[in-house]
Amino acid sequence: MRLSGLQREVLSLYRHCLRECRKKPAANRKHFQVFARNEFEKNIKIDKRDFGAIEFLLRKGRRQLDIYASPGVKDIK
């Protein structure tokens, strides 16, 4: 199955989130993984042709990732 450009971007962001989770302390890593999964699952029902919403969520997700990837953030609840 071929993926569209936006679908590839969403998968790329998800993989990047999971990679960043591995950099967090082992005790809190699961919290970050659950948070990332929940954020993506919240928006799974969005129509794949709703480009505006998808692009907005990609920008929002990248900003959140930049914040949570910083070394100062040790845990998320």
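Helices are DSSP runs of H or I with at least four residues, numbered from the N terminus; in this predicted model, Arg37 is placed in helix α2.

**Figure 1. Surroundings of Arg37 in helix α2.** Arg37 has a relative accessible area of 46% and is therefore partly exposed. Leu18 is 19 residues from Arg37 in sequence, while the C-alpha atoms of the two residues are 9.0 Å apart in space.

**Figure 2. Overall fold of the predicted model.** The protein has three helices and zero strands, and its elements follow the order α-α-α from the N terminus. Along the principal axes, the C-alpha atoms fill a box of roughly 40 × 25 × 20 Å. Of the 77 residues, 21% count as buried. The exposed area of the protein is about 6,000 Å², of which 56% is supplied by carbon and sulfur atoms. Among contacts between residues at least 6 apart in sequence, 68% join residues at least 24 apart. The protein carries 20 positive and 9 negative charges, and the mean positions of these two sets are 5 Å apart.

**Figure 3. The aromatic pair of Tyr14 and Phe40.** Two aromatic pairs are found in a search of the whole structure. In the pair shown here, Tyr14 and Phe40 meet edge-to-face, with 4.9 Å from centre to centre and 75° between the planes. The pair links distant parts of the chain, since Tyr14 belongs to helix α1 (residues 5-21) and Phe40 to helix α2 (residues 26-42), 26 residues apart. Phe40 is partly exposed, because its relative accessible area of 23% falls between the limits of 20% and 50%.

**Figure 4. The aromatic pair of Phe35 and Tyr68.** Phe35 and Tyr68 also form an edge-to-face pair, with ring centres 5.4 Å apart and an angle of 85° between the planes. Here too the pair links distant parts of the chain: Phe35 lies in helix α2 and Tyr68 in helix α3, 33 residues apart. Phe35 counts as partly exposed at 22% relative accessibility. Tyr68, with a relative accessible area of 26%, is likewise partly exposed.

**Figure 5. Asn28 and its contacts.** Asn28 is a residue of helix α2. Its relative accessible area is 16%, so Asn28 is buried, the limit for that class being under 20%. When neighbours within four places in sequence are left aside, Asn28 is in contact with Lys74 and Asp75.

**Figure 6. Asp66 in helix α3.** Helix α3 comprises residues 51-69, and Asp66 is placed within this helix. The relative accessible area of Asp66 is 59%, so the residue is exposed, the class that begins over 50%. Glu20 is 46 residues from Asp66 in sequence, whereas the C-alpha atoms of Asp66 and Glu20 are 9.7 Å apart in space.

**Figure 7. The annotated span, residues 8-66.** An unreviewed UniProt entry places the feature "domain: Complex 1 LYR protein" at these residues. The span is 80% helix and 0% strand. Its end C-alpha atoms lie 19 Å apart.

Methods:
Residues numbered from 1 in each chain as written. Predicted model: local features only at pLDDT ≥ 70, side-chain atom pairs only at ≥ 80, totals over all residues. Heavy atoms only, no water. Helix = DSSP H or I, 4+ residues; strand = E, 2+ residues; numbered from the N terminus. Buried < 20%, exposed > 50% of the residue type's maximum accessible area, 1.4 Å probe, protein only. Phe/Tyr/Trp six-rings, centres within 6.5 Å; stacked < 30°, edge-to-face > 60°. Contact = heavy atoms within 4.5 Å. Areas by Shrake-Rupley, 256 points an atom, 1.4 Å probe, with all protein chains shown as cover. Lys, Arg positive; Asp, Glu negative; His and termini not counted. Charge placed at Lys NZ, Arg CZ, Asp CG, Glu CD. UniProt positions renumbered as here; feature names shortened; annotations may be inferred.
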